[in-house]
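Student: I would like to learn how to read a protein model. Could we go through one together?

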Amino acid sequence: MAASKEEPLSVSEAVGLAKGNVAAWPALTVTGEVSGFRGPNARSGHCYFEVKDDGAAMSVIVWRGTYAKAGFELRDGLQVQLTGKFDIYQASGKFSFVASRLEVAGEGVLRQQVAELARKLEREGLMDADRKRRIPAFCSRICVCTSLSGSVIEDVKRTLKRRNPLVAIDVVGCSVQGATAPATIVRALEVAGATAPDAVLLVRGGGSFEDLMCFNDEQVARAVAACPVPVVTGIGHEPDTSIADMVADRRCSTPTAAAESVAPAIDEVERQMVQRRARLGHAMTSLLERSVDSVDALDRLAGNAMASILSSKRAAVEAYATRPCLTDPAAGLRSSASEIEQTAERLHAAVPRNLARLREGCEREAERLVDAAPRVLRKPESDVARLAATLDALSPLKVLGRGYAIARDDEGHVLKSASDTGVGDVIGVQLGKGSLRAQVVGVEG
């Protein structure tokens with residue numbers, strides 16, 4: 001009897017069976033090189049690529065959220081470290097590694113750290129062009145911060161001596177590679193800045209990315225920005241750019257280029273001096289010519305103005321000279337005497353007329369007063385007669401005339417009571433006609 005055969009699976013069943021088995025695999029961490037990178041997708045934002053090594057390759061999917069958290073950009077050739085799980089896409093049966101975490105591997109980790117630090121310092125404004133200081137066009141003293149054991153310092157000295165031997169050079173040694181290098185660079189920058197040169201050169205020869213990492217140190221970058229004098233960097237070769245380069249006031253591709261940038265060639269300086277002297281001479285000549293023209297013009301204006309003023313003054317003097325008081329000084333006296341005589345004649349003629357008018361006016365006023373006097377005095381006379389009658393009636397003399405008398409003491413005070421005097425006192429008695437003096441012989445009442 002023939003053995004029974006198992007029922008065949010559909011494609012969906014087979015893919016689903018494989019998918020279930022693969023889903024049971026644990027999460028893995030894989031390193032490899034990015035190849036065939038596609039993404040982020042314009043619609044979904046997901047990334048698709050392969051990672052490979054010398055023996056194999058596998059498809060990778062990075063969802064949009066995972067890629068956004070990575071903090072760096074994927075590209076072909078980048079060594080990456082992926083953490084995730086394998087999965088099978090149901091619709092196509094494609095076997096892929098779905099990454100839930102994405103990091104740069106090896107040197108890429110360092111580059112990622114440098115990029116993050118660069119973004120941080122850029123946000124703080126340390127790389128802003130407005131913050132960077134101007135390097136003097138002609139530096140007379142330079143301080144170089146570099147290793148004293150390498151060839152770089154000699155290259156810098158030769159370059160400066162060749163281009164401009166007048167530039168004085170100070171050197172502050174520091175380590176330019178290794179874990180302890182950042183601290184020595186920071187110290188060297190502090191010492192260099194304290195000597196107040198025209199500029200500081202922070203230089204180093206070429207090397208690998210790891211060799212130049214001390215110039216990507218945050219403390220070194222902040223020391224470059226805080227240096228009290230401008231800092232010029234020449235680190236590595238042309239393609240190398242460190243954070244110290246980004247923060248420096250001027251970045252040059254090599255140490256030699258940095259030295260050349262702060263020391264213009266002496267023959268170039270001489271040529272510029274000759275050119276500027278010639279330009280200054282031309283400018284001075286032109287200025288003097290313009291000044292001469294201006295002085296001439298002012299001289300003409302002054303001459304014309306003076307001639308006009310003198311002409312005006314001459315006309316005024318001539319006008320004064322024609323006046324009678326100057327041509328015939330006695331004419332004024334004669335004129336005044338004539339006027340006085342005429343005035344005297346008018347006065348002599350006017351006095352009799354005025355006196356006659358005044359006399360006529362006085363006579364008219366006298367006649368008017370004579371006519372008005374009875375009318376004016378009538379009421380006052382009546383008032384005086386009435387008041388005189390009243391006064392006469394009230395007069396003490398009137399009372400005395402009826403037989404009464406007024407007694408006064410020696411001081412003339414009127415005695416109103418018998419008690420106001422005493423026996424023997426002399427009193428005066430006024431009668432209606434005359435008066436007498438008497439002596440008191442007795443007091444009654």
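Tutor: Gladly! Let us begin with two strands: β3 (residues 57–62) and β5 run parallel and are joined by four bridges. Keep in mind as we go that this is a predicted model.

Student: What holds strands together in general?

Tutor: Strands of a sheet pair through backbone hydrogen bonds, and the pairing can be parallel or antiparallel. In our parallel pair, valine 62 stands opposite alanine 99 in β5.

Student: Which larger arrangement of strands do β3 and β5 belong to?

Tutor: They are part of a closed barrel of five strands, which runs β1-β2-β3-β5-β4 with mixed pairing. From one strand to the next, the twist averages 55°.

Student: Which strands does helix α1 touch?

Tutor: α1 packs on the sheet and touches β4 and β5. The direction of α1 makes about 140° with that of β4.

Student: I have clicked on serine 100. Where is it, and is it buried or exposed?

Tutor: Serine 100 is found in strand β5. Its relative accessible area is 54%, over the 50% cut-off, so serine 100 counts as exposed. Leaving aside neighbours within four places in sequence, serine 100 is in contact with Thr66, Thr83 and Gly84. Look at tryptophan 63 too: it is 37 residues away from serine 100 along the chain, and the C-alpha atoms of the two are separated by 7.9 Å.

Student: Thr66 was in that list. Where does threonine 66 sit, and what does it touch?

Tutor: Threonine 66 is found in helix α2 (residues 64–70). Not counting residues up to four places away in sequence, threonine 66 touches Ala99, Ser100 and Arg101. With a relative accessibility of 15%, threonine 66 counts as buried.

Student: Now aromatic rings, please. How do I describe a pair of them?

Tutor: You give the distance of the centres and the angle of the planes. A search of the whole structure finds five aromatic pairs here. In one of them, the rings of tryptophan 25 and phenylalanine 95 have centres 6.1 Å apart and planes at 70°, so this pair is edge-to-face.

Student: Where in the chain are tryptophan 25 and phenylalanine 95?

Tutor: Tryptophan 25 is in the loop between α1 (11–23) and β1 (28–38), while phenylalanine 95 is in strand β5 (residues 94–104). The two are 70 residues apart, and the pair links distant parts of the chain. Tryptophan 25 is partly exposed at 41% relative accessible area, and phenylalanine 95 is partly exposed at 37%.

Student: What is the geometry of the pair of phenylalanine 86 and phenylalanine 97?

Tutor: Their ring centres are 5.0 Å apart and their planes are at 75°, so this pair is edge-to-face. Phenylalanine 86 lies in strand β4 (residues 79–89) and phenylalanine 97 in strand β5, so the pair ties together parts that are 11 residues apart in sequence. Phenylalanine 86 and phenylalanine 97 are both buried. Trp25, Phe86, Phe95 and Phe97 form one aromatic cluster.

Student: And how do I describe two packed helices?

Tutor: Use the angle between their axes and the distance between the axes. For helix α5 (residues 181–194) and helix α6 (residues 218–226), the axes come within 9 Å and cross at roughly 10°. An angle under 35 degrees counts as roughly parallel, and α5 and α6 are therefore roughly parallel to each other.

Student: Which residues meet there?

Tutor: Pro182, Ile185, Val186 and Leu189 in α5 meet Gln219, Val220, Ala223 and Val224 in α6. The residues of this contact divide into seven nonpolar, one polar and no charged.

Student: One last feature: what is the order of the strands in the open sheet?

Tutor: The order is β11-β12-β13, three strands with antiparallel pairing. β11 (406–408) and β13 (435–439) are the edge strands, each pairing on one side only. The twist averages 30° from one strand to the next.

Student: How many bridges does β12 form with each of β11 and β13?

Tutor: β11 and β12 (residues 426–430) pair over three bridges, and β12 and β13 pair over five. Find glycine 428 in β12: arginine 408 stands opposite this glycine, and so does arginine 437 in β13. The hairpin of β12 and β13 has four residues between the strands, and there glycine 434 takes a positive phi near 85°. β13 is hardly covered, with zero buried residues among its five.

Note on methods
Residues numbered from 1 in each chain as written. Predicted model: local features only at pLDDT ≥ 70, side-chain atom pairs only at ≥ 80, totals over all residues. Heavy atoms only, no water. Pairing = 2+ DSSP bridges. Axes fitted to C-alpha atoms, helices over the stretch in contact; angles between N-to-C directions. Parallel < 35°, antiparallel > 145°, perpendicular 65-115°, else oblique. Contact = heavy atoms within 4.5 Å. Nonpolar A, V, L, I, M, F, W, Y, C, P; charged D, E, K, R; others polar. Phe/Tyr/Trp six-rings, centres within 6.5 Å; stacked < 30°, edge-to-face > 60°. Buried < 20%, exposed > 50% of the residue type's maximum accessible area, 1.4 Å probe, protein only.
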